[in-house]
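Me: I'd like a close look at a single helix and whatever packs around it. Could you walk me through that part?

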Amino acid sequence: MRVYVPLTLPGLAEAYKTGELGSGPFVAYAVTPGLREWYVSDDIEELEYAALGRAALASLRLLAAEPEAPRRRVVIAVDVAERAVSAGPDRGPDPAPLGEVRVAGPVPLGKAASVHVDATDAAADVTAAAEALQAADGGDDDAQFVVDGAEDHELLWFATQEIANLVGRGD
């Protein structure tokens, strides 16, 4: 099963150093029944893109909690056994948990399929979005507009062999 794990660049560096994602159960995003119903599509590529987007928003939340982290969202796509994944809440009309799952963890970094990271030119919008997130969660439409501005930036695709360069440990 493909899951999308939200991280920050320091989190990616830690995963690179240890060779694994998570130390215990951790949150990821996947194509869940709730996400399918919310997105109203049967196209698996569209649904996986939606799950990636949910993970990017979760990465933004991590950035809001880590003001010293570089302002770039990070998501790792990783393949795990279905038995290692338990469904998240997918609660009612609140879209926040849509696609959320728990991975029993840890997962070897070698199971990663790809890494998705903001380009450096997204930093200003991602910074503003991280700062506006709390107000947006409180219903502030202007703040939500700022948060949505980060989503205008597509995450770049990187092969797992490029992780060392992404975290500044390349040769």
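Reply: Here is a walk around helix α5 and its surroundings.

This is a predicted model, in which local features need pLDDT of at least 70 and side-chain atom pairs count only at pLDDT 80 or more, while totals for chains, interfaces and linings use all residues. Residues are numbered from 1 along each chain as its sequence is written, and side-chain values use heavy atoms, with hydrogens and water left out.

Helix α5 spans residues 141–151 (helices are DSSP runs of H or I, at least four residues, numbered from the N terminus). At its N-terminal end sits a cap: a side-chain oxygen of Asp140 lies 2.8 Å from the backbone nitrogen of Asp142.

Now look at which way the residues face. Ala143, Val147, Gly149 and Ala150 are buried (under 20% relative accessible area, with exposed meaning over 50%, using a 1.4 Å probe and protein chains only). Those four cover an arc of only 145° around the axis, so they sit on the same side of α5 (the arc is taken from the directions from the helix axis to the C-beta atoms). Over on the other side, Asp141, Asp142 and Phe145 are exposed.

What covers the buried residues? Among the cover are α3 (44–65) and α4 (123–137). These two helices also meet each other: Leu57, Leu60, Arg61, Leu63 and Ala64 of α3 are in contact with Val126, Ala129, Ala130, Leu133 and Asp137 of α4 (contact means heavy atoms within 4.5 Å).

Methods
Polar contact = N/O pair within 3.5 Å; in protein donor to acceptor, adjacent residues only side chain to side chain.
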